[in-house]
Amino acid sequence: METNRESTNLRELVYIRRRPIIGRSTRAVSSRIVNSKSNIRQSLANNVAQDSKSCDFVCYSDSEDEEDLEKSIDISCSFVHCNQNRQLGLNRKFQHMQMSSEYATRHILSNSMMREYEITIGNMNKVFSSQWLSHKQVLFGTKCNKLMVLDVTTKRIDQIPSLESREGSRPLLAERGVNSIEINPSKTLITTGASNSNDVAVYRLPTLDPVVVGGRGHQDWIFDQTWIDDQFFVSGSRDGSISLWRVTDEMLAEMAAADLPKYSYMEPLLTKACKQADKVRALCYNNRTQEIAVISPNHYIHCWNALNMKQIMSKKLPHQQENCCLSVDEDCQMYAVGSKSHTDLLDSRSLQSIRKIPSRNGGCGIRSVSFKGNILTIGTGTGLILFWDLRANKFLESTINSNRVAQLKAGRGWVKRDDSFLERYEGSKYMPAIYTQCYDSSGTRLFAAGGPLQNSQMGNYVGLFQ
């Protein structure tokens, strides 16, 4: 039986460092070692059966060293040990315990415990991006170029002023909006779009004070951005280029020393065209390989070295239509790419296809993807949010009804009912597309937002599942 690439290096849900309380040392073994040991034994048995006719060549496995490794491991991945630790109060200092928030997410989803709380935001047009700022605040950006902060407890919405670009900036042909919101690793800075959708804007967290506006890097709308570290970030544009930016300590000191909120201007360190790309639709940074992955609408995925900003390779994607969203799982070393009819899992080392996940509603379009532990969350163009279980290699099943998969269904939101809308949806039901979705730090709340799938149709949807 072949081992699936996506089933390797999967995360455990709980880790406990076991220490003896009384008497001799107590040891626990990680389930990964147990599984690997059993696999080795099985493969050895198969080899013996195949080579029974000839013993001219014998290969010995290093599995004999597993005994020594087993004795040195004091990590447990058992929830029984987790509960015992909590009951005895050993999880505070004596026996360090770490539980993944994915366990709560998986339990809530499979038991259909999440309920939708739809939030009204007026006549804003399409929510394209979002990020949790804290346990009670979500920042989201709209197509009408508004940057909003939502308090999920009081449902209050406040607008953050967009930063104006430098004078003489290239005028826009049309308004595109805030396509991306990204937080740096230390959660001290956030980058998004400026009032001119060709430029970037950086704010300081948690106060959202303006820091700097970056211009003269792109000649068209910025579709996506990603942080490399706490100072450097990369942006990708519809003009087919990517730009490298840096927020220096001097910029932050100048902003902090000012009596009134003020921001400076900067230009990119470099701008390069992405070969074989007509447009840069989405990008993400893989910290483990120190590479930047870029997808373009002409069904290509491109790989860049983040250290020298040189393009390494380009490869055609498995599906050709509407490749528009991208996410990375650094632990499992895979990318998820959403297209019109499938979500493709790619090996980040070779860009080879691992698995093609079909959409449950054919042709509805995949509009957002994100990893939460071993769960891949998929936002569709028909208001459904699906969950792919990377461990079981299938959609997450519902424990309430074994014949159904776990899924969330968005409400209708607000839509402008003009003549084009009435003609398009005459005799059919309208559902918004999920352009963005993100979990809070606990994994028990999911913010999802979007709007009409058609580009010319105005509308919005904002919902909180908890």
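What follows is a short tutorial dialogue on reading a predicted model.

Me: Let's start broad. How many helices and strands does the protein chain have?
Reply: The secondary structure comes to six helices and 34 strands. Of the 466 residues in the chain, 50% are buried. Among contacts between residues at least 6 apart in sequence, 56% join residues at least 24 apart.

Me: Now a helix. How do I read which way its residues point?
Reply: An α-helix has 3.6 residues a turn, so residues three or four places apart point the same way. Try that on helix H4, residues 102–110: Glu102, Thr105, Arg106, Ile108, Leu109 and Ser110 are buried there.

Me: What do the buried residues of H4 pack against?
Reply: Strands, including E26 (366–372), E27 (375–380) and E28 (384–389). Just after H4, have a look at Ser112, which takes a positive phi of about 55 degrees.

Me: There are charged residues in that buried list. How should I read those?
Reply: Side chains of opposite charge can pair when their charged atoms come close. Here, Arg106 and Asp389 meet in a salt bridge at 2.7 Å, N to O. Arg106 lies in helix H4 and Asp389 in strand E28, so this pair ties together parts 283 residues apart in sequence. Arg106 counts as buried at 15% relative accessibility, and Asp389 counts as buried at 7%. Glu102 joins in too: Glu102, Arg106 and Asp389 are linked in a network of salt bridges.

Me: And Asp158 with Arg156: how exposed are the two?
Reply: Their side chains meet in a salt bridge at 3.1 Å. Asp158 is partly exposed, with a relative accessible area of 32%, while Arg156 is exposed at 55%.

Me: Which side chain of opposite charge is nearest to buried Asp199?
Reply: That's Arg216, 8.1 Å away, and Asp199 has no salt bridge. Asp199 sits in the loop between strands E10 (189–193) and E11 (200–204). Its side chain does have a polar contact of 2.6 Å with the side chain of Ser165.

Me: Last one: how do I read a nonpolar core?
Reply: In soluble globular proteins, nonpolar side chains tend to be buried together. The largest core here has 17 residues, and Leu345, Phe371, Leu376, Trp388 and Phe395 touch the most other members. Strands E23 (334–338), E26, E27 and E28 each supply at least two residues of this core, with the largest share, three residues, coming from E26. Click on Phe371: beyond its neighbours within four places in sequence, its contacts include Val328, Met334, Leu345, Leu376 and Leu390. A second, separate core of 16 residues includes Leu396, Ile434, Leu446 and Ala448.

How values were computed
Residues are numbered from 1 along each chain as its sequence is written. This is a predicted model: local features need pLDDT of at least 70, side-chain atom pairs count only at pLDDT 80 or more; totals for chains, interfaces and linings use all residues. Side-chain values use heavy atoms; hydrogens and water are left out. Helices (H or I, at least four residues) and strands (E, at least two) are DSSP runs, numbered from the N terminus. Buried means under 20% relative accessible area, exposed over 50%, partly exposed in between (1.4 Å probe, protein chains only). Lys and Arg count as positive and Asp and Glu as negative; His and the chain ends are not counted. A salt bridge is a side-chain nitrogen of Lys or Arg within 4 Å of a carboxyl oxygen of Asp or Glu. A polar contact is a pair of N or O atoms within 3.5 Å; within protein, one must be able to donate a hydrogen and the other to accept it, and residues adjacent in sequence count only if both atoms are side-chain atoms. Contact means heavy atoms within 4.5 Å. A nonpolar core is a set of buried Ala, Val, Leu, Ile, Met, Phe, Trp, Tyr and Cys residues joined through side-chain atoms within 4.5 Å.
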